[in-house]
Amino acid sequence: MADVYYSVLRKYLTAEYAEGAKHCKLYFAPFAVILPSFFCDILALTIISEEKMRARKKKWAPGELANNPRIIRDAEVHAKGFKKYFDNTNPIYLEIGCGKGRFAAESSRQNPNINYIAMEREPVILAAAARQAEERGAHALAFLLLDADVLLDYFRPGDIRRLYINFCDPWPGKKKRAKRRLTHEKYLIMYEKLDIPELHFKTDNRPLFEFSLESFSARDWRIKNVSLDLHQSGMEDNIKTEYEEKFSGQGFPIYRLEAAPPKSKRVFYDDGLDTGDPIPPT
Ligand SMILES: C[S@@+](CC[C@H](N)C(=O)[O-])C[C@H]1O[C@@H](n2cnc3c(N)ncnc32)[C@H](O)[C@@H]1O
């Protein structure tokens, strides 16, 4: 019964809310579904803060954040830039909102010639991701504690060759919240400024998928390899994230697409292999 409540909650509130709710008293869940959104907000905020409090109690996390060599420190970033950080000319793939990091770690294990950066804004979650990267046999995988809102302060055009957004928070409801979706036009403009040639997107949330299609279309992005049920699509090299595993296990179809900005919107571009600095258009 609890699983049904949480599935419904996830559809109406953010995934984060529902995750928090799982750790709260069960009787909150049905009320969150039937109450008006104002009450749901208060309820969900209470739930989230309780969840964050619990997360902060992870005693190992500060040590991990301070000492794990895979976690990029600000000073290094500013001094060297990300291309130099990895000390090779392999392309950099970035995942925003990596959660506990299974996707990034497994991707890195399977692709030693790619430099991966897994980014997450919640310190304890990032610490957990960095902790398990070694166990999963990751190669060139680094972690960055950062909110996507400040992406432009940390990356330069041409740094990132591919962007992954996996199961980002859907932020349903009010228009104001839509701006927080990582596929909102506000973010697409940032990705264009960073000259990112391709974005791979997965979600289990149909309204978010539809919203994202509109958003890409409004910025003239090209869409390809669309799947409305990824796990039935025959795609063999799909790497499952933690959320994907959980929600596909509950019977939800997974939506996926690849998107690319038009060249006219990118600052620089070259469509060949990564050779270092971006090449200005002629
Ligand atoms: C729903 S979880 C999905 C985690 C993982 N990608 C997966 O599929 O299992 C979304 C994650 O994105 C992180 N996140 C949300 N907004 C973010 C932002 N603006 N910048 C960085 N991380 C963000 C959250 O802290 C959370 O860990």
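This passage walks through the fold, the cores and the ligand shell of a predicted model.

Start with the overall make-up. The protein chain carries 13 helices and seven strands. Of its 282 residues, 34% are buried. Contacts reach well along the chain: counting pairs at least 6 apart in sequence, 74% of the contacts link residues at least 24 apart.

The seven strands form an open sheet, and reading across it gives the order β3-β2-β1-β4-β5-β7-β6, with mixed pairing. At the edges sit β3 (141–145) and β6 (222–227), each of which pairs on one side only. From one strand to the next, the twist averages 20°. As a general point, strands in a sheet pair through backbone hydrogen bonds, in either a parallel or an antiparallel sense. Two of the pairings here can be spelled out. Strand β1 (residues 92–96) runs parallel to β4 (residues 160–166), and five bridges hold the pair; within it, I92 stands opposite I160 of β4. Strands β2 and β3 are also parallel and are likewise joined by five bridges, with E120 having L145 in β3 as its bridge partner.

Being an edge strand does not leave β3 out in the open. Four of its five residues are buried, so β3 is largely enclosed by the rest of the structure. One residue of that strand is worth a closer look. L141, setting aside neighbours within four places in sequence, is in contact with R70, A104, A105, S108, Y116, A118 and A133.

L141 turns up again in the nonpolar interior. In soluble globular proteins, nonpolar side chains tend to be buried together. In this model the largest nonpolar core has 49 residues, and I117, A118, L141 and L163 are those with the most contacts inside it. Helix α8 (residues 123–135) gives this core its largest share, five residues. There is also a second, separate core of five residues, including L208, F209, I254 and Y255.

Helix α7 (residues 102–110) is another well-covered piece, with R102, F103, A104, A105, S107 and S108 all buried. Among the elements covering these buried residues are β1, β2, α8, β3, β4 and α13. Two of the α7 residues just named, A104 and A105, are also on the contact list of L141.

Helix α8 has a less enclosed side to its story. E134 lies in this helix, and it counts as partly exposed because it has 13 C-beta neighbours inside 10 Å. In sequence, E134 and R109 are 25 residues apart, while in space their C-alpha atoms are 9.8 Å apart.

That leaves the ligand. The shell around the ligand has 21 residues, of which G97, G99, F167, T241 and Y243 come nearest. By class, the shell has nine nonpolar, four polar and eight charged residues. Both β2 (115–120) and α13 (242–249) supply at least two residues of the shell, and the largest share, three residues, comes from α13. Helix α13 thus has two roles in this picture: a contributor to the ligand shell and part of the cover over the buried residues of α7. Strand β2 likewise appears in both places, in the ligand shell and in the cover over α7.

Notes: Residues numbered from 1 in each chain as written. Predicted model: local features only at pLDDT ≥ 70, side-chain atom pairs only at ≥ 80, totals over all residues. Pairing = 2+ DSSP bridges. Axes fitted to C-alpha atoms, helices over the stretch in contact; angles between N-to-C directions. Core = buried A, V, L, I, M, F, W, Y, C linked by C-beta atoms within 7 Å. Buried ≥ 20, exposed ≤ 12 C-beta atoms within 10 Å, placed from the backbone. Contact = placed C-beta atoms within 7 Å. Near = placed C-beta within 6 Å. Nonpolar A, V, L, I, M, F, W, Y, C, P; charged D, E, K, R; others polar.
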